Amino acid sequence: MTGVWIGVGALVVLVLYFVGIFNGLIRRRNETQNAWSQIDVQLKRRHDLIPNLVEAVKGYMTHEKGTLEAVVQARDAAANAKGPLQAGAAEGLLGALLGRIFVLAEDYPDLKANTNFLALQEELTSTENRITFARQAYNDAATRLNNAREVFPAVLISGGFTRADLFEIEVPSERELPKADFGG
Amino acid sequence: MWEQIERNRRNSVLVVTGLGVLLVAIGMAVGMFFTGRQEGALVGGVIALGLWGVLWLTMRSRGDDIMLGMTGAREIQKKDHPQLFNVVEEMTIAASLPKMPRVFIVDDPAPNAFAVGRDPEKASVAVTIGLLRILDRDELQGVVAHEIGHIKNRDVALMTTAGIMLGAIVLLAELGRRALWWGGGARAPRDDNGGGGAQAIMLIVALVFMLLAPIFAQLIYFALSRKREYLADASGAMFSRWPEGLASALEKLGGKTVPQADQSRVTAPMYIVRPLHKGERRNLSSAFSTHPALEKRIRILRGMGKSVDITAYDRSYASTTGKHVVGKRSLSGVPPVEAMRPEEGPVQAPRARLREASNAFLAGAGYEAHECRGCGAVLKIPPELQGGKLAACPRCGAAI
């Protein structure tokens, strides 16, 4: 009789143990999803700011039409990308093009003194930083989830948890960027 | 990744427990002294705990407001100072805080910053106008990252609890000393039941203890405070991923000798650098300082190299001081984080930065900006003169 009770007790402990692991996995998965939505929020913020930026610099940067058009195209491509892998590549290109606009702006003193442009530059700077930090936070959460679901004994019950992809922004090298039109 | 610091926190909790034991002990010593009996020790101990409990409950419910109120900080909104607001939001994301802290500006020419809030859900970050004037964006980010580090590591709750214990210990020791001055308990044991000799020895021990306890308590408290500063630097480097920003900011702060308007000893440990008194210069840190020496903090941050995680900080700390700041056990399995320079923001001249910071403070304090139609000057109207109480522009006399 005692043996049966010990057996039942052990079973209960075992079940509780696995319930704990399962809840831990769920918590990590929620963390990962939250972190991902944070990146999404910041990417959307960037997409929303770009038309304003193009509008603000258009009048000044008359010789950089090509770059501005490339930015608008890259923005649309990034806004329509699906999943971390595709989005990563599109956002990488967009980020590089934006960086270039700010480098080119150095040659336009009037533009650099424009308060509207300065405010937009601050917002876009902040957005770039937020994307970096959000990506770091997401990758940390994703790594934690992936590690948690692969270790024993969690691996016995983690079949329902898919592996999270890491978000890598591919920064294309300078020569792959669309050539700016300096002909004007 | 932040769990490591969380674990490290347990050591600090032990230190606070030590302070608590010291508090009860001094309560007992004072109790014995007052009554001249051993039973007095029990009463004293209970009173000491009660005193701490009342102070702690007050701080728990109103601590943030008290501290922000003491410094005269004003809460600002995004439109008042977009850059400061953005930087705080960036660090909130980097630290994965559940909620963005409220942002405050302090009207003080001394460059400094502090954070309050016992849990990350309800925290605040405050910076002085002097700080906003001299720091560029990267440096501001470093400072804010350090403050967010305090919030993330829950230092505010820890340091308030420890600070209140220190306060209660000093208070009780003072009480005991006064009792001695008036010849309080010392005459009682003579007419006690025979064991006068043993009683007298106990009383002498209690007396010595009463004199030494506050000094010990301060040493413990200051050591704890310095350790939390180092750990906030480590967290800040990791969150901002650019230790140079914080290092360069600390260098600028160290170069300034502007005395701080807020001279309170209660708020002093909360600041990123120790508030200076009038005519004082920054000197080397001692065992009686709440903050580590600035040069040491800067050297550790600059020695981190390419990685910015807590392991790199501990390595650099060890090569600078020969000791470790994070427990070995806490460092195992920390994923490496690489340094990354933040995006370059718009560059502003110090004068423009000062104006923006001061305008942001005034907006937070309820001032209304109003452009005079006569001379074009921007009038900043204080709350008590708003609503048509100011009839004419004080500069050109035109009607408003």
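This is a short conversation about reading a predicted model of two protein chains, A and B.

Colleague: I am new to this, so let us start with chain A. How many helices and strands does chain A have?

Modeller: Chain A has five helices and zero strands. Read from the N terminus, its elements go α-α-α-α-α. Of its 184 residues, 45% are buried.

Colleague: And what share of the contacts in chain A comes from residues 24 or more positions apart?

Modeller: Taking contacts with a separation of 6 or more, 79% of them join residues 24 or more positions apart.

Colleague: Where does a cis peptide bond turn up in chain A?

Modeller: Look at the bond from Phe152(A) to Pro153(A), which is cis, with omega near 5 degrees. You will find Pro153(A) in the segment after helix 5 (115-150) of chain A.

Colleague: Now to chain B. How do I read the side chains along a strand?

Modeller: Here is the general idea: in a regular strand, side chains alternate between the two faces of the sheet. Now try strand 3 of chain B, residues 113-116. Ala113(B) and Ala115(B) point one way, while Phe114(B) and Val116(B) point the other way, and all are buried.

Colleague: Which strand pairs with strand 3 of chain B, and in what sense?

Modeller: Strand 4 of chain B (residues 124-128) does, in the antiparallel sense, over four bridges. To find one of them, go from Val116(B) to its bridge partner in strand 4, Ser124(B).

Colleague: Let me pick a single residue in a helix, Thr161(B). Is Thr161(B) buried or exposed?

Modeller: Thr161(B) sits in helix 6 (residues 155-181) of chain B. It counts as buried because its relative accessibility is 16%, and the cut-off for buried is under 20%.

Colleague: What does the side chain of Thr161(B) reach, and which residues does Thr161(B) touch?

Modeller: Its side chain reaches the backbone oxygen of Ala157(B) at 2.6 Å. Leaving aside residues up to four places away in sequence, Thr161(B) touches Val16(B), Trp52(B) and Trp56(B).

Colleague: Which residues in chain B have a positive phi without being glycine?

Modeller: Two to look at are Arg154(B), with phi near 55 degrees, and Arg241(B), with phi of about 60 degrees. Arg154(B) lies in the loop between helix 5 and helix 6 of chain B, and Arg241(B) is in the loop between helix 7 and helix 8 (243-255) of chain B. Arg154(B) counts as partly exposed because its relative accessibility is 31%, whereas Arg241(B), at 9%, is buried.

Colleague: Finally, how do I read the place where the chains meet? How many residues does each chain give to the contact?

Modeller: Chain B gives 25 residues and chain A gives 20. Together they bury about 1800 Å², with 52% of that on carbon and sulfur atoms. On the chain B side, Ile93(B), Glu343(B) and Pro346(B) supply 32% of the area buried against chain A, more than any other three residues.

Colleague: What about salt bridges and polar contacts between the chains?

Modeller: There are three salt bridges between chain B and chain A. One of them joins the side chains of Glu123(A) and Lys78(B), at 2.9 Å from N to O. Across the interface, 10 residue pairs are in polar contact.

Colleague: Which helix of chain B gives the most to the side that touches chain A?

Modeller: Helix 3 of chain B does, with eight residues. Counted by type, the chain B side has 11 nonpolar, six polar and eight charged residues.

Key. Residues numbered from 1 in each chain as written. Chains lettered and ligands numbered in written order. Predicted model: local features only at pLDDT ≥ 70, side-chain atom pairs only at ≥ 80, totals over all residues. Heavy atoms only, no water. Contact = heavy atoms within 4.5 Å. Buried area = accessible area lost by both parts, 1.4 Å probe. Salt bridge = Lys/Arg side-chain N within 4 Å of Asp/Glu carboxyl O. Polar contact = N/O pair within 3.5 Å; in protein donor to acceptor, adjacent residues only side chain to side chain. Helix = DSSP H or I, 4+ residues; strand = E, 2+ residues; numbered from the N terminus. Nonpolar A, V, L, I, M, F, W, Y, C, P; charged D, E, K, R; others polar. Buried < 20%, exposed > 50% of the residue type's maximum accessible area, 1.4 Å probe, protein only. Pairing = 2+ DSSP bridges.
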